[in-house]
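Reader: I would like to go through the terms used for this model. Please show it to me before we start.

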Amino acid sequence: MSEIKSKYSKHPLRKWFITQSLDFPLRTILISLIATIFLGSGIRFFIIDDDMMKILPKNLDSRISWDVIQEEFGSTEVIFIAFGKQGESIFNPDAFAALWDVEEQLEASNKVEEITSISTATRMDNLDGFMEIDDLQPYRDMRADEVNDVKLYLEKNPTIKKRFVSEDNEYFMITVQPYSSEGLNYFRDEVVSIVDPILSNYEIYYGGQAYVTGTMPAMIRDDVIILARIGIFIMAMVLLLNLRSLPGVAMVIMVIALSLFAMVGSMGWIYHLTGSERFLFTLANTSMPIILLTIANSDGVHVISKFFKELRLKKDKRLAIASTMDSLLIPIFLTSITTIAAFATLTLSPLEPLFGYGVVIGIGIAWAWFLSSLLLPSVINLKHWNHKSSAITKPSIFEKIINRFGKVVLTHPKYVFSAGAFFVLIGLTGLSKVIVDVNMTNFFRPGTEIRDTMDFMDNNMTGTVDIRVRIEGDIKDPKTLSSMRTLQDSMEKDPKVITSFSIANVVEQMHRTVMDDDPQFETVPVERDKVNNLFTMYSMSGDPDDFSSLVDYEYKVGLITAFSKVMTTQEIFAYVNKMTNQVKAVMDPALNIDFTGMIVILRDLVIMVVRSSALSIIFSLIIIGIIASIFFKRILWGILAVIPLSSAVIINFGFMGYFGIELSHITALLSSVIIGVGVDFAIHYISQYRRLSKTIGTNKLSRSVVDDVGYPIILDAGSNMGFGALLFSAFVPIQYIGGLMVFAMVSTSIGTLTVLAALAELLKSRLVKRDESL
Amino acid sequence: MKIFWKLVFSTTIIFSQTGIEIARMFDAKKTPQDMSNVANMILTNSKGKSRVNKMVSRSIDGNKKQIIWFLEPKDDKGVAFLKIEHENKDDEMRMWLPAFNKVRRISSKKKGDSFMGSDLSYEDLSNRDIDDHTYNRIDDEIIDEKSCYVLEVIPNSKVRSSYSKHITWIDKESLMIIKEQSFDRRGALKKKKKFSHSELNGYFVMNSVFVEDVQKNHKTEVSFDELRVDTGISPNLFQEKNLKRLPRN
């Protein structure tokens, strides 16, 4: 025993770690499991919530304006419901009765704040000198002539009609406003469960931010479960093929599963303790389990494959474990630190969920390191290994491939480096082609139910992207009202903006009604007294809540609401700029104007996605370069460590540009993932290079390093094909992440074994000489 | 002994009174011929924002004819409103809009409509016809140290009402309503009302009312100042032409 102990490690800390696994395996396993269970128990506080508004920082102008509007006018995140039958007019008594029933049932729900539809709208008529304000649909069972009367009224008032009926008169639209923007998944489920049975004879389409946000948690949950299963299956298959040992694979999977449990639990704990929305599980986090899966796998794979190699050589389990851990504890620690550092740069992102992403995956990675360094060798120690099994005695297919691969790289380093540089150049030319798009419609493939229903709303109804202009000032002032109308006209000039409405429209309608329904008077009166009289008259028979979504109680804040079809990023930028200028041109400077709504949010999100990606790339490369320089005690090693990563990032974004893959708040974390995961290969390579340089001559050094770490690197990259599981996601950007990560794993691993190996070979005289002197 | 038997007799009568009998007593109580006041109405919405209205009112026939001139807010000054209730046809409601120099008639089809954006609907302001409702007496209660009859008032099915029922507390001494809860057509509590009264020239007259729409969390508080009764208001006052100018007294 004392003989073995003396061989554990020269370093006291490494010796301590190895001692825990070799001398106290049961205690180590027990403590590891208890700690994991405690951390994982936070899963009960884990919440899935994908509200786009929560992505933006709270101090952002458009978010502040948005929050103010929600406070003053109620939630602007609504569900749109369109129903009807293609080819049939919706103006029939049955459809009106169905609309009435839907309204009645929704009204009874305590999750519904307000419903806007024909059945809740009022009409203003001048009948024989009577100013009459009445319900547009006064009762459920309307006669055919009454239905026709409603149709005529709507045709006379196209602004109102656009909000309630499709242009082809085939579908009704209902807008349902929730009491609160919290728990939109419950609100969505309740609305759908009420509406679907009542409208079973009709085609039903849902849309709006509240519907999408409410639908996402269940979709995300299902997606994560499916992806985790597929990811683990892929990894298990790759591991089994190469390790050829069921217990070996099971041990790696155990590390993965426990790390995953600890990570999800830690997210729950942090949310529970801080209450911060940054720690809600959003669509952006969907890739997180798969990414941790691959990172945890990578740690486990290195330990198991090195252990098999050592067992083959030393023929003694304890010696093999000691030797394995002595050589891997530092690289695994270093790869974990650098990966955590790369993900930690996400905390600099202005996008809120990416902050949580960076912190939580850091915890997951640290836990994977903890388990791989203590639990895994302890479990290996407890297992009886058959020294004669082919897994231990014979090299695997990957090992054989690496042997051949190593020869090519090391005999032609300049060609290999040039080929790598050529790919980087191609990538560079593609960078300018990268498109930024954050619109959620594009997150779903055409043909899926949610995408089709969103497309229907866009094409047949008013569109679902809202634009809000909050005007603070004297809203009863005719100048204010007139400028609101002018601004609305400008807003509607864009063909994608279908309709807009404000209190100014109501004033025009009241004016016309009072003036004996003369269309010439459908204007804002010039005199303030007339505006006052119109409001007073309305209050004598209208409901005080009729204007609650248009103007505040004291007539000091008005709201223009417009709806648009989905715009491209370029269109959004052009539109917001144009409207911002228009506001300056037509509105009184004394008025306080805020331009917001989903369209402005999307504009700001685009800016933040670009900023987030740039920050993440720059800082993660700098931090990793610094960490590598410190650990390997040379700046040159730091530079060499980031070269393959920089190349991989350039190639990745270049390919995104060439293949039209959009950069979004979901794909924005790609650079961190690529750098964080890809850096492992370089760290392993450099560690081994430095280690072997002390015992092997420079002529055979690179070859020996590739022989030694090439196999685990390729095996690591191969098992990281678990990223491919993301290709099965229901969300398009997650699929892109999957595809790009598979590609990035290939490019970073091969980049390490080619570009880094070739550079190390070219610079070996400087690298080895200097290292020897240290 | 006589006093004892009187007490026993009257107690028996009171205990034996049915809901409809109490309603009739309420309806038959002595009311002024006409009434004038200056009303201050404060409306408060769910967010705590308030609007204040001040108006001069004259009415006769137990409010069946009423004319109101708006004094405040400044935006409403000069606007006036005339209401004449009819037994067998829709009520007449006219409004003077000084900025337009026009009198406009307002629809009175929907009695559930809010009056001036308040929590009082036209139905709340109108007199309840005894024959249009069913009155069920429930257990008496003491409210604010006043012994009250408690009635469940249900509109008959033929009546166009925005309520399914009311629970009404009537002060036994003054026969004035001091509290009422009104339920919407689905049976859910809609409004809570509280009334206070004072005695003037031998009549009990309302001097304040507080209404809360519990569903909308909106409140209305009306106080009546400069209350005068039986001043001899002429029925001729209740004409369209009189909307255009404020009365001198």
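**Terms and values**

Author: A:M251, A:V255, A:L258, A:S259, A:A262, A:M263, A:S266 and A:M267 of α10(A) meet A:V360, A:I361, A:I363, A:G364, A:W367, A:A368, A:L371, A:S372, A:L375, A:L376, A:V379 and A:I380 of α13(A). The model is predicted: local features need pLDDT of at least 70, side-chain atom pairs count only at pLDDT 80 or more, and totals for chains, interfaces and linings use all residues. Residues are numbered from 1 along each chain as its sequence is written, with chains lettered from A and ligands numbered from 1 in the order in which they are written.

Reader: What makes two residues "meet", and what makes a stretch a helix or a strand?

Author: Contact requires C-beta atoms, placed from the backbone, within 7 Å. Helices (H or I, at least four residues) and strands (E, at least two) are DSSP runs, numbered from the N terminus.

Reader: Which classes of residue make the contact of α10(A) with α13(A)?

Author: That contact has 16 nonpolar, 4 polar and no charged residues. Ala, Val, Leu, Ile, Met, Phe, Trp, Tyr, Cys and Pro count as nonpolar; Asp, Glu, Lys and Arg count as charged; the others, Gly among them, count as polar.

Reader: At what angle do α10(A) and α13(A) pack?

Author: The angle is about 145 degrees, with the axes 8 Å apart. Axes are lines fitted to C-alpha atoms, for helices over the stretch in contact, and angles run from 0 to 180 degrees between N-to-C directions. The crossing is right-handed. A crossing gets that name if the near helix is turned clockwise from the far one by less than a right angle, and is left-handed if anticlockwise.

Reader: How does α9(A) pack on α10(A)?

Author: Helix α9 (residues 209-243) and helix α10 (residues 246-274) of chain A pack at about 145 degrees, axes 9 Å apart. α9(A) passes α10(A) in a right-handed crossing. A:I232, A:A236, A:L239, A:L240 and A:L243 meet A:G248, A:V249, A:V252, A:I253 and A:I256. By class, this contact has 9 nonpolar, 1 polar and no charged residues.

Reader: Why is A:K315 called exposed?

Author: A:K315 has 11 C-beta neighbours inside 10 Å, so A:K315 counts as exposed. The cut-offs, for other C-beta atoms within 10 Å, are 12 or fewer for exposed, 20 or more for buried, and partly exposed in between; C-beta atoms are placed from the backbone. A:K315 lies in the loop between α11 (288-314) and α12 (317-344) of chain A. Its phi is positive, about 60 degrees, although A:K315 is not a glycine.

Reader: Why is B:D230 partly exposed?

Author: B:D230 has 14 other C-beta atoms within 10 Å, so B:D230 is partly exposed. B:D230 lies in the segment after β13 (218-229) of chain B. B:D230 also has a positive phi, about 50 degrees, and is not a glycine.

Reader: How do you know that the buried residues of α17(A) line one face?

Author: They are A:I450, A:T453, A:M454, A:M457 and A:D458. Down the axis they fall within an arc of 140 degrees, so they line one face. The arc is that of the directions from the helix axis to the C-beta atoms. An α-helix has 3.6 residues a turn, so residues three or four places apart point the same way. The face turned away from the buried side carries the exposed A:E449 and A:N459.

Reader: What makes the peptide bond between B:E72 and B:P73 cis?

Author: Omega is about 0 degrees. B:P73 sits in the loop between β3 (65-72) and β4 (80-84) of chain B.
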